[in-house]
Amino acid sequence: MEVKKRNLNLDLTKCIAVFTVLSVHFFYNNGFYSIPVATPRMYVMTGMRTLFMICVPLFLLVTGALMNRKTLSRQYYRGVRHTLFIYLLSCIACMIFNYFYKGTPYTLLSAFLSIFDFTAAQYSWYVEMYLGLFLIIPFLNLIYQNLGTKRQKQVLVLSFLALTTLPTTINYCQEIIPNWWQGFYPVSYYFLGAYLMEYPPRTKKRFLALFLLLWISFCTAFNIYFCHGEKFVWAIYNGWGGFQNVVSSALVFALIQKLDLSHLPKWVQKLIVQISVLSFGTYLVSYIFDQIFYQKLNSSILFMEDRLVYYPIIVPAVFVCSLILSQCFQWIYQLFFRK
């Protein structure tokens, strides 16, 4: 694979995105949301969860950075072939796992329909969202690329952020400003990714890193304050389109783009590229290994807070196993669609 033809910084961004997805799933699967936030370990886990929520926004920012010059053509629509094929294989793998490991009953009809209603692969909500975004990207690009100045593009990005993100800074106690467009956040991230790629911030890396640290600290304190003594609250302000994740993911994205990766060993560069290529399948099939590893973790470690120390073991294990299965899918794809 030719590393030099790719933007290695964007590939690294996708690698971080997929690993942080699996890290968010650590809290989803270990019982974190069932325990009151009232102890030091719960504070630490709240901070980790706050940071890891950059995962989906990073994928969307990369999409905007990579695809903002795509135009309406047959070649463009053929580009979704890889996504659909890997999704289909992931659905089959997840259904086989559910049938034999969990005893989930399937008929031929229910299995077929579950692929189309995005329930066959349990983490496939992102696929459902992405396919819709994919269909409108050429038209979004007509808007973005036909704005002649940096200022006009800033107004475009800010307008969408006002529609989708501004309500999350104000409406978490009571609706004060309209929030009907809040679910349109993927488009906001798409335009933001395109803009940050075209006009990277001039701020030095150390200041971006410092701002990121301060921002994550603030958001962690914010989240602890609003759920202290109660179960963690997944609200509009810390959801995928919430103001917390818009700022933190933009900072991480900008920081990664400023890194000089050209001095990395060639094998490391190739590894980054390969993980990036496999990231979509890795995310989808991680459900299988989540079920296996977290069932064993939760049955062995009964006190939820004690499960925190197993994060460095469980998440990398799920990551590596999912990556291997995703690589198998990639080989199958290459057999069907040889270039």
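The expected span of a helix is 1.5 Å times one less than its number of residues. The exercises below use this predicted model.

**Exercise 1.** Find out how far apart the end C-alpha atoms of helix H13 are, and set this against the span of a straight helix.

*Solution.* Begin with the extent of the helix: H13 covers residues 266–300, which makes 35 residues. At 1.5 Å a residue, a straight helix would reach 51 Å. In the model, however, the end C-alpha atoms of H13 are only 41 Å apart, and H13 thus falls short of the straight span. Next, look along the helix for a change of direction: at Ser279, H13 bends by about 55°.

**Exercise 2.** Decide whether Asp11 is buried or exposed, and describe its surroundings.

*Solution.* First locate the residue, which belongs to helix H1, made up of residues 8–29. Then take its relative accessible area, which is 3%; because buried means under 20%, Asp11 counts as buried. Finally, turn to its neighbours: leaving aside residues up to four places away in sequence, Asp11 touches Arg6, Ile272, Val273 and Ser276. With Arg6 there is also a polar contact of 2.8 Å between the two side chains.

**Exercise 3.** Determine how many cavities of 30 Å³ or more the model holds, and which helix gives the most to the lining of the largest cavity.

*Solution.* The count comes to one cavity of 30 Å³ or more, and the largest cavity holds about 30 Å³ of space. Its lining residues are Leu196, Pro200, Pro201, Phe253, Ala254, Gln257 and Lys258. Helix H12, residues 243–257, gives the most to this lining, with three residues.

Notes
Residues are numbered from 1 along each chain as its sequence is written. This is a predicted model: local features need pLDDT of at least 70, side-chain atom pairs count only at pLDDT 80 or more; totals for chains, interfaces and linings use all residues. Side-chain values use heavy atoms; hydrogens and water are left out. Helices (H or I, at least four residues) and strands (E, at least two) are DSSP runs, numbered from the N terminus. Buried means under 20% relative accessible area, exposed over 50%, partly exposed in between (1.4 Å probe, protein chains only). A polar contact is a pair of N or O atoms within 3.5 Å; within protein, one must be able to donate a hydrogen and the other to accept it, and residues adjacent in sequence count only if both atoms are side-chain atoms. Contact means heavy atoms within 4.5 Å. The bend at a residue is the angle between axes fitted to the seven residues ending there and the seven starting there. On a 1 Å grid over the protein atoms alone, a cavity is a set of points where a 1.4 Å probe fits but cannot get out, and a pocket is an open set with protein on both sides within 12 Å along at least five of seven lines; lining residues have an atom within 4 Å of a point. Grid points are joined across faces, edges and corners, and a volume is the space filled by probe spheres set on the points.
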